[in-house]
Amino acid sequence: VAPGRMDDVHERFARHLPVLFERHGVRLVGRWHALAGPDAPRFVYLIAYRDYAEREAVWSAFYQDADWWRIRAETNAGHEMVERHDLFFLKPNAAWSPAADPQAPVGGLHELVQQQIAPGQNARANAFLKDFQLPLLREAGAQV
């Protein structure tokens, strides 16, 4: 997010995008303002899709919507508010249990941890998560 534009991004997501997202089937799971970490402050949001084909269809329709281009121009106000997008496509990890209530509201403080795994070490990493790291996090009161 361009310096000084974080409030504008939050305003765009709160005021303008809900209608467009609903119109085009964008399922926004949550949005956050990262306070610390690389490139902080950073605006982060998570969107759910059934599969990659749905993702492509959703955004194809979204970017063809004249309302998006109008809103974008108005909210940018002559100066781009988003300088860069970093996209990560995530799939469930075998070590994770499904959420007890997938419709529960997303709130509070969240921590996103990205760990690089050496080639060929996925099984060991999953075993570590399942048998060691996740139980410790849950024991400490974390909701994973």
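A residue counts as buried when its relative accessible area is under 20%, as exposed when that area is over 50%, and as partly exposed in between. With that in hand, here are legends for several views of this predicted model.

**View 1. The whole chain combines four helices with two strands.** Walking along the sequence, you meet these elements in the pattern α-β-β-α-α-α. The protein chain has 144 residues, and 21% of them are buried. Its accessible surface comes to about 11,000 Å², with carbon and sulfur atoms contributing 55% of that area. Among contacts with a separation of 6 or more, 59% join residues that lie 24 or more positions apart. The salt bridges number 12, and the next views look at some of them.

**View 2. Glu54 and Arg27 form a salt bridge.** Their closest N and O atoms are 2.8 Å apart. This pair links distant parts of the chain: Glu54 belongs to helix H2 and Arg27 to strand E1 (residues 27-34), with their positions 27 residues apart in the numbering. Is Glu54 buried or exposed? Its relative accessible area is 10%, so Glu54 falls under the 20% cut-off and is buried. Arg27, at 34%, is partly exposed.

**View 3. Arg23 and Asp65 meet through their side chains in a salt bridge.** The N to O distance here is 2.6 Å. Here too, distant parts of the chain are linked: Arg23 sits in helix H1 (residues 6-24), while Asp65 lies in the loop between helix H2 (52-63) and helix H3 (66-76), 42 residues apart. Asp65 counts as buried because its relative accessibility, 9%, is under 20%. Arg23 has a relative accessibility of 44% and therefore counts as partly exposed.

**View 4. A network of salt bridges takes in Arg23 and Asp65.** Which other residues belong to this network? Asp67, Arg70 and Glu74 are linked in with the pair from the previous view.

**View 5. Glu56 and Arg55 are joined by a salt bridge.** The closest N and O atoms of Glu56 and Arg55 are 2.8 Å apart. Arg55 counts as buried, since its relative accessibility of 15% is under 20%. Glu56 has a relative accessible area of 36%, which places Glu56 in the partly exposed class.

Methods
Residues numbered from 1 in each chain as written. Predicted model: local features only at pLDDT ≥ 70, side-chain atom pairs only at ≥ 80, totals over all residues. Heavy atoms only, no water. Buried < 20%, exposed > 50% of the residue type's maximum accessible area, 1.4 Å probe, protein only. Contact = heavy atoms within 4.5 Å. Areas by Shrake-Rupley, 256 points an atom, 1.4 Å probe, with all protein chains shown as cover. Salt bridge = Lys/Arg side-chain N within 4 Å of Asp/Glu carboxyl O.
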